[in-house]
Amino acid sequence: MIMNARRTGGAGLAVWVACVLAASGCAGPSAISRGESLFSPAKQKAAEAAMGKELWRTPLGGTGIVEDLVRLPDGKLLVALRQYGFTMPIRECLLVDGSDGKVLWKHARGGFPGNWGLLVALPGLLVFQVEGREQTSVVVLDAATGAERWTHKSPRGTLVRPIPGAGTLVALEPAKKSTRIAGYDLASGAQRWMREVPLPLDDGPAPILLPEGMILFLGGAESVRAVDGETRWKREKLALEPGAAPPVRTPDGVWVVTRGNTLVLFDPSSGDPLSSVPLPSGIKVTNLYRLGKRLLLRGIREGRHITFEMDRKGGNPLWTYDDSEPSISNLLEDGGNIIFATSTSLVALDRRGRPLYKAKVTDLGQDFPVRVRKVGDKAVFIGEMVVAAFDASTGRQAWWNGIDPIHQDADTDALKRGIDRAASGAASFGGKGGGGWKPGRDLARQYQAEADANFREWETGSRTAGTSFSGIGGRGAALHRSQISSAFSRAQSQMDFQFAMMDLGKQLNDWANRFFHEERREYYLFIQRGIFQAYPVAETGRYVLRPSRKGEVVGVTSIQLATGKRQFTPYGPQHELFGLWNLPDEDKGVVFHEALRPDPAIPGDDRGYRQFVNYLMATQVSWPR
C-alpha cells in the first residue's frame, strides 16, 4: 500500500477499506487463526531473512496473544494473555524476567473472566481490577509468586481506588438509590470499615485521591480518611451537577464546576473555598485544564466545541475559541501561545485566544486521543496512524509519517465502520441495534478529561512507574508518610491513566454489548483496548513506535521526533492481530513485543509448510539517527 494514500483517504485506502468490512462488522479472525497457523516455505524464507536481532524468546502457547504488557519497576514484565479467536477467551498472566525471558510464575485468571487492569504495583503486591459482565472484582496477587493474596467481588460499575499511603483499598459500590463505600486492608483484604451514602454513584464524578484519603463528590464534597472512613470535612455547597467536568487537582487547590455553573477553587485540606466565579451561560464545560498559572476550560455550546480561558479574579472569559471539532489532545503552552489538536488538525492560538493556524494533519484515526509534544521549535502531532511535526510558530509542516496497520481490522477507523454496519444490521444477529457509531470522539474526549494530568507526567511513554509506588518503601499501612508525600504527585497522576483506561473499558463494553453478537464482541473489544492501551506506552523521550506491516512481514516503525526519520524493524511473518504491543527500552535499544516463530515440536509437512506459534520476545532495534 502506498503510504500517502493513508493521509488523504485516497483510492488506495478505499480499496483497503472495502476488503475489511464483513456483512456484520469487522472482518474478524480467519480460519487459519484457529490452530492452523501454517506458512508456506516462501513466506517463511521472506520473513526469516528480514527478522531483527533476537535477544530472547518465551513461548506464549499456541495462539496465545498479548492482551496487556507492563514493565514493573524491577525490570520484570507482567504479561496478560488471551486465546486468539472470535470470543477471545481469557488466559493466564505471566511474570517474565526482562533480562532473559525466563517465566517466573503463571497465574490462571479463569476464575475472574473479564477485562483485567493493573491498578497499582506495591512492594510485594500487584493489585488488579477486573471488569466483568455482571460484576467488578479486585484481585490482589503476591508479586513474588503470583499466588492470590485476596479477592473481592462487587456489583458491576464499582469504582476501585487503592490508597497506598493508608494501606487501604476503597470500593464505591453502586446501588439503585445509594452508594456503599468500604475500605479494605491492602495486604489482607480484611474489611476495615463500611458506610452508606443515600445518593447513587452516578450522581458524582470519580473521587480525587489524596495521600491518605480521598475527596468524594456525592451531594457535595467530602474528605474521607481511607484508614477508617471517618469524615475530615464536608461542604454541601460544593455539589456538582451530574455529568459535570471532572475536578482537577492543582498546586493551587482543587477546581470544580458546581451547580449553577460556577467555577470554584477550594483547599483540599479544609474544603474552604478560595475563589468562586460564575461561568458563561450556555456552555457545558467538559474539561478543566491547568496550564502553568493559567486555567483553561473546554466545553460545548450550541453544537460547537469551545476552548476558553477564565479571568480568575474578574469572573469573565479572557478569550473564547470555538471550532466544529472537539479538542481531544493535551494542551501545550509555547511563549504564551496555546497549542492543541483536534482529531484531524493541529491548532495554535495566541495568548488572547486568536487563531494563529489550524494545520490539517489527517482524516484518519479520528477516535484516537491525540497527544501533542513540543520538540525543539516544533509541535509534534502523535496520532494513531500518523505522526507529524509542524513549526510551532507558523504551523508550517516540517515532516509527516503515516503507518500502515498490521491487519485490516487493527485500527479504529475499520472498527468504526464495523460498528456502523453492525448497528444497521443488528436485528439480523441478535443485537440491540440503532444509533450508529457514537462512542468514538466522546470516548477520546472522556479519556482526555480524565487523564489530562497524566500527559504532563507521561513524557517517557514508559509504564515502568506508571502504576507503581516503587521506591516509597514498606508495605501496606507501614508506608512512610514523608516518602508518600514526595512521590505521590507523580505516582498518582500516572495511576490516573489506568483509572481512565478502566473507565473507558466499561464504556467500550457497553457499546459492544449493544451492537455486537457475543461471538464478535470480545474480538472488537480486544482490538479497541489494545490500541488505546498499547499505543500510548510505545513512546520514549525521543521516539514514537507503532506496529506496522511491510508486505508479508510485521514489525515496528520507530519515528524520531526531532527529525521525522523512521526505521522499520521486522519481527516475523504477518498474521492476524499478532504484534500490537511494543514496549521500548530506549537506553538498551530493546523492544519487548510478540512475534510468530516456527513451532519446533512440529515438523513441516511434505510441502514444506510449518506451523507457527506466538512468542514474547526482546529484539534489538536500530533507532533512526
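## Notebook: hairpin, sheet, pocket, core

I began with a bridge: K550 has V553 as its bridge partner in β36. I should jot down early that this is a predicted model.

**Entry 1, the hairpin.** Next I looked up the strands around that bridge. β35 covers residues 543-550, and β36 covers residues 553-560. They run antiparallel to each other, paired over eight bridges. How many residues sit between β35 and β36 in the hairpin? I found two, and G551 in that turn has a positive phi of about 60°. I also checked how covered β35 is: six of its eight residues are buried, so I can call the strand mostly covered, with buried meaning under 20% relative accessible area.

**Entry 2, a four-stranded sheet.** I moved on to an open sheet and wrote down its strand order, β19-β20-β21-β22, with antiparallel pairing. Which strands are at the edges? They are β19 (248-250) and β22 (273-278), each pairing on one side only. Ignoring direction, neighbouring strands here are turned by 20° against each other on average. A reminder to myself from class: strands of a sheet pair through backbone hydrogen bonds, and they can be parallel or antiparallel.

Then I zoomed in on the β19 edge. β19 pairs with β20 (residues 253-258) in the antiparallel sense, over three bridges. I picked out V248, and its bridge partner in β20 turned out to be W255.

**Entry 3, the second largest pocket.** I noted a volume of about 320 Å³ for this one. Its lining has 21 residues, and nearest the centre I found P113, G114, G132, R133 and E522. Three elements give two or more residues to the lining: β8 (125-131), β9 (135-142) and α7 (518-537). Which of the elements has the largest share of the lining? It's α7, with three residues. I sorted the lining by type too, and got seven nonpolar, seven polar and seven charged residues.

**Entry 4, the largest nonpolar core.** My last stop was a core of 38 residues. I listed the ones with the most contacts inside it: L69, L77, V79, L577, F592 and L616. Then I asked which elements each supply at least two residues of this core. My list reads β3 (64-71), β4 (77-83), β5 (90-96), α7, β39 (590-598) and β40 (610-620). α7 gives the most, with nine residues.

**Closing note.** I've now met α7 twice: it gives the largest share of the pocket lining, and it also gives the most to the core.

Technical notes
Residues numbered from 1 in each chain as written. Predicted model: local features only at pLDDT ≥ 70, side-chain atom pairs only at ≥ 80, totals over all residues. Heavy atoms only, no water. Pairing = 2+ DSSP bridges. Axes fitted to C-alpha atoms, helices over the stretch in contact; angles between N-to-C directions. 1 Å grid on protein atoms, 1.4 Å probe; cavity = no way out; pocket = protein on both sides within 12 Å on 5 of 7 lines; lining within 4 Å. Points joined across faces, edges and corners; volume = space filled by probe spheres on them. Nonpolar A, V, L, I, M, F, W, Y, C, P; charged D, E, K, R; others polar. Buried < 20%, exposed > 50% of the residue type's maximum accessible area, 1.4 Å probe, protein only. Core = buried A, V, L, I, M, F, W, Y, C linked by side-chain atoms within 4.5 Å.
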